[in-house]
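Visitor: I have a structure to look at and plenty of "how do you know" questions. Could you walk me through it?
Guide: Gladly; let us bring it up.

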2 protein chains.
Amino acid sequence: MDLSKLRINGARLRTSLEEMAKIGATPNGGVQRLTLSDEDKRARDLFVKWLKEIDLAVTIDEMGNIFGRRPGTEDNLPPVMSGSHVDSQPKGGRFDGILGVMGALEVMRTLHENKVKTRHPMMIVDWTNEEGSRFAPAMVSSGVWAGVLERDYAYGRTDINGKKFGEELVRIGYKGPAPAAKWPVHAYYEYHIEQGPMLEGQKKTIGAPKGILCLHWYDIYLTGEANQVGPTPMEGRHDALCAAAEMILATNRLPDRMGGNIVATVGEIQNKPNSRNIIPDGVHFTVDIRSWDDDHAIKAWEHLKIDLQEIAARRGTPIRIDETWRCPHAPFAERLVQRVLDTAGELGYSSLHMVSGAGHDASYMNQVCPTAMIFVPSIGGRSHVEVENTAWSDCEAGANVLLHCLLKTADEH
Amino acid sequence: MDLSKLRINGARLRTSLEEMAKIGATPNGGVQRLTLSDEDKRARDLFVKWLKEIDLAVTIDEMGNIFGRRPGTEDNLPPVMSGSHVDSQPKGGRFDGILGVMGALEVMRTLHENKVKTRHPMMIVDWTNEEGSRFAPAMVSSGVWAGVLERDYAYGRTDINGKKFGEELVRIGYKGPAPAAKWPVHAYYEYHIEQGPMLEGQKKTIGAPKGILCLHWYDIYLTGEANQVGPTPMEGRHDALCAAAEMILATNRLPDRMGGNIVATVGEIQNKPNSRNIIPDGVHFTVDIRSWDDDHAIKAWEHLKIDLQEIAARRGTPIRIDETWRCPHAPFAERLVQRVLDTAGELGYSSLHMVSGAGHDASYMNQVCPTAMIFVPSIGGRSHVEVENTAWSDCEAGANVLLHCLLKTADEH
């Protein structure tokens with residue numbers, strides 16, 4: 001057959017996405033499938049069943065990463081890989097992560113039913129805990145697999161209820177026997193929604209990010225002095241929430257101060273004792289800083305850190321700062337990025353060369369092998385929310401680009 | 001006997017307080033006895049048992065208020081009442097509220113064992129849900145009893161888990177048959193820890209507040225736009241937590257701006273979805289404003305409200321403001337306040353004429369009958385915290401002042 005005419009089955013891809021969206025469905029049309037939850041387990045079970053239906057060899061490693069392998073005609077060559085994650089944010093959407101897994105599955109199904117042979121073997125992957133919202137940090141299992149993070153560090157991470165990653169992995173039955181350790185990979189493509197407004201704003205169908213912004217996470221802990229609010233004069237108070245409020249605004253002003261090329265956000269806050277007539281004495285909040293320029297991001301943090309310490313000292317609220325996680329910016333393989341753009345053109349889709357603001361497992365895979373991503377538009381630029389949406393025609397377009405990028409790459413010498 | 005020589009039993013008072021402190025004891029030496037919780041029920045059971053041991057006639061009303069009555073020689077006269085509350089803040093202390101109940105109990109025990117007869121009957125009371133931290137607002141059951149709040153409004157209040165006040169009252173078995181409706185009262189004294197730094201700072205043993213500051217509670221709700229933080233430019237964000245941070249600081253600056261005579265506090269905040277890589281789209285926080293001058297407090301709120309609306313409009317985070325509760329300042333009966341000061345002097349204790357910054361059930365009782373309070377020092381001015389403390393000798397002193405104030409008042413014509 002003329003492989004250049006091959007196309008994935010858009011209707012089948014939609015059905016797969018709709019089936020997955022039922023697992024952890026929220027009342028407002030989103031999905032809550034937190035990593036290592038019962039919902040995550042059900043989605044994994046369905047995914048594994050689908051892998052076996054098309055004769056893929058399934059491997060589960062000690063981080064719960066799920067791999068499905070399709071042999072190549074030269075089966076000793078390193079595989080071409082593609083995948084993403086089935087976990088979601090709390091009240092997340094129906095596309096983030098799962099589109100890249102179902103997209104790669106749809107490619108595998110298309111190759112299977114057309115009995116297509118490829119030189120390199122091909123592998124599909126679901127990475128455990130990409131989101132990092134239940135257990136920080138994000139992308140932890142691709143990080144362990146890539147040799148960047150320690151397995152036992154990941155096992156020891158706790159959720160807000162004190163449950164450990166390692167124990168929850170065993171509980172849902174997905175601590176597999178294979179070591180979570182990288183093997184030689186020929187190339188990795190990750191298909192994902194954009195999660196930003198660029199493609200929609202410029203009316204393009206396919207995005208080819210030149211790489212991923214660096215991602216730095218910090219955790220700030222403030223100690224104040226609790227007291228009944230009525231009889232305690234304003235003077236002499238040590239109000240941890242007021243200190244945090246100043247720090248949140250300093251974080252928000254940081255990108256302007258640095259002249260742009262950076263975003264900075266406080267997404268999470270806990271306040272103690274959180275009673276309306278007690279002065280807060282314990283606040284924890286997070287800082288997320290991202291830039292294409294790692295040095296710029298670190299310089300920004302150094303400025304902010306001085307601000308935070310100054311605010312804490314002035315308000316008499318001792319501060320502890322944890323530098324939780326730093327993932328450097330990931331410039332993808334130019335050759336593969338160009339292949340995404342070229343393939344989009346060959347298939348008749350408009351495309352955009354851009355950057356990825358969101359972190360992805362592709363970031364760690366980029367440290368293992370040549371890597372690229374394929375983006376499709378997020379309606380209204382919205383993601384990590386229940387109304388997250390992408391047109392079905394765009395889902396189909398992205399999967400077709402993935403199909404042909406994988407085919408070309410898997411036949412390379 | 002010469003009643004002027006009569007004294008309460010300080011050791012017994014201490015034992016009562018220590019027994020009560022076991023119920024809901026926290027690891028750091030405090031107490032967590034949230035209103036209508038299992039701990040509240042156990043404290044009530046013990047209290048009722050103790051009332052019956054000294055032959056007081058126990059009545060429980062439909063708000064769960066517990067009354068113990070001691071007959072007078074002219075038993076048709078209106079009673080002299082005293083009491084406070086057995087509920088506590090989350091991680092609260094061993095004295096707030098319970099001292100006023102155990103202090104009045106100790107007075108009753110002293111009268112009982114000495115077979116003292118009084119002209120007016122005497123009553124002791126435990127008011128349900130003084131704290132208001134599980135179910136807002138505070139002092140709700142003295143408010144209903146005094147005819148200021150509606151019973152069914154109180155029943156419908158929900159805690160953070162959606163449980164209703166009325167249902168929890170039934171669950172712990174303290175929805176009594178008596179109507180929660182005021183009867184004629186000759187006078188009400190409430191014995192309490194100061195919860196502020198004044199007595200300790202001025203080295204005085206007994207405080208006689210001229211009244212209680214007004215207390216205004218507001219609830220603010222902000223709506224932002226959630227999005228993945230990485231790919232979403234700073235420009236065009238609608239970050240509800242940044243808007244809240246500005247508002248918290250505006251609240252904190254309010255007393256300065258008003259030239260003092262007022263305190264303003266944000267004690268409680270909830271942030272949604274509270275994930276470190278999602279822009280916050282829903283924040284709720286509380287504002288607590290107190291002053292001796294009600295008009296001053298309302299004027300301050302009107303200024304603040306304009307600020308909040310301006311911040312919300314500028315940041316594109318729609319705001320909803322609930323004016324949850326306003327309790328006017330309560331000037332106590334001057335004659336009774338003077339009696340507290342005089343009695344302290346007669347017993348050899350130093351004293352201070354002051355105000356109460358904290359709200360108390362005495363605030364609503366002041367609308368029913370002549371009312372006064374007796375304060376003893378809070379070590380370090382701390383309260384509503386586990387380290388809340390008062391010297392045992394001060395606990396005894398306050399109870400002796402209460403004893404003689406009650407004796408004098410109960411023998412009035």
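Guide: First a term: helices (H or I, at least four residues) and strands (E, at least two) are DSSP runs, numbered from the N terminus. This is a predicted model, in which local features need pLDDT of at least 70, side-chain atom pairs count only at pLDDT 80 or more, and totals for chains, interfaces and linings use all residues. Residues are numbered from 1 along each chain as its sequence is written, while chains are lettered from A and ligands numbered from 1 in the order in which they are written.

Visitor: How do you know what span is expected of helix 10 of chain B?
Guide: The expected span is 1.5 Å times one less than the number of residues. Helix 10 (residues 334-346) of chain B has 13 residues, and its reach of 18 Å from first C-alpha to last is close to the 18 Å expected.

Visitor: What makes residues of helix 10 of chain B buried or exposed?
Guide: The count of other C-beta atoms, placed from the backbone, within 10 Å of a residue's own: 20 or more is buried, 12 or fewer exposed, and in between partly exposed. Leu336(B), Val337(B), Arg339(B), Val340(B), Thr343(B) and Ala344(B) are buried. They cover an arc of only 155° around the axis (taken from the directions from the helix axis to the C-beta atoms), so they sit on the same side of helix 10 of chain B. The face turned away carries the exposed residues Glu334(B), Arg335(B) and Glu346(B).

Visitor: Why is Met108(A) called buried?
Guide: Met108(A) has 25 C-beta neighbours inside 10 Å, so it counts as buried. Met108(A) is part of helix 3 (residues 98-113) of chain A. Leaving out residues up to four places away in sequence, Met108(A) touches Ile54(A), Leu56(A), Arg70(A) and Ile124(A); touching, or contact, asks for C-beta atoms, placed from the backbone, within 7 Å.

Visitor: And what makes Asn274(A) buried, exposed or partly exposed?
Guide: With 19 other C-beta atoms within 10 Å, Asn274(A) is partly exposed. Asn274(A) lies in the loop between strand 9 and strand 10 of chain A. Its phi is positive, about 60°, although Asn274(A) is not a glycine.

Visitor: What stands out about a positive phi?
Guide: Most residues other than glycine have a negative phi, and most peptide bonds are trans. Lys91(B) also has a positive phi, near 50°, and with 22 other C-beta atoms within 10 Å, Lys91(B) is buried. As for peptide bonds, the one from Lys272(A) to Pro273(A) is cis, with omega near -5°, and the one from Ala136(A) to Pro137(A) is cis, with omega near 0°.

Visitor: How do you know what kind of axis relates chain B to chain A?
Guide: By superposing copies by least squares on the C-alpha atoms of residues with pLDDT of at least 70 in both. Chain B lands on chain A with an RMSD of 0.0 Å after a turn of 180° and a shift of 0.0 Å along the axis. That is the relation of a two-fold axis. In chain B, Ala245(B) has the C-alpha nearest the axis, 2.2 Å from it.

Visitor: What makes you say how the copies meet?
Guide: Of the interface residues of chain B, 100% are also interface residues in chain A, so the copies meet through the same surface. The contact takes 54 residues from chain B and 54 residues from chain A. On the chain B side, helix 8 of chain B gives the largest share, 8 residues.

Notes
Contact = placed C-beta atoms within 7 Å.
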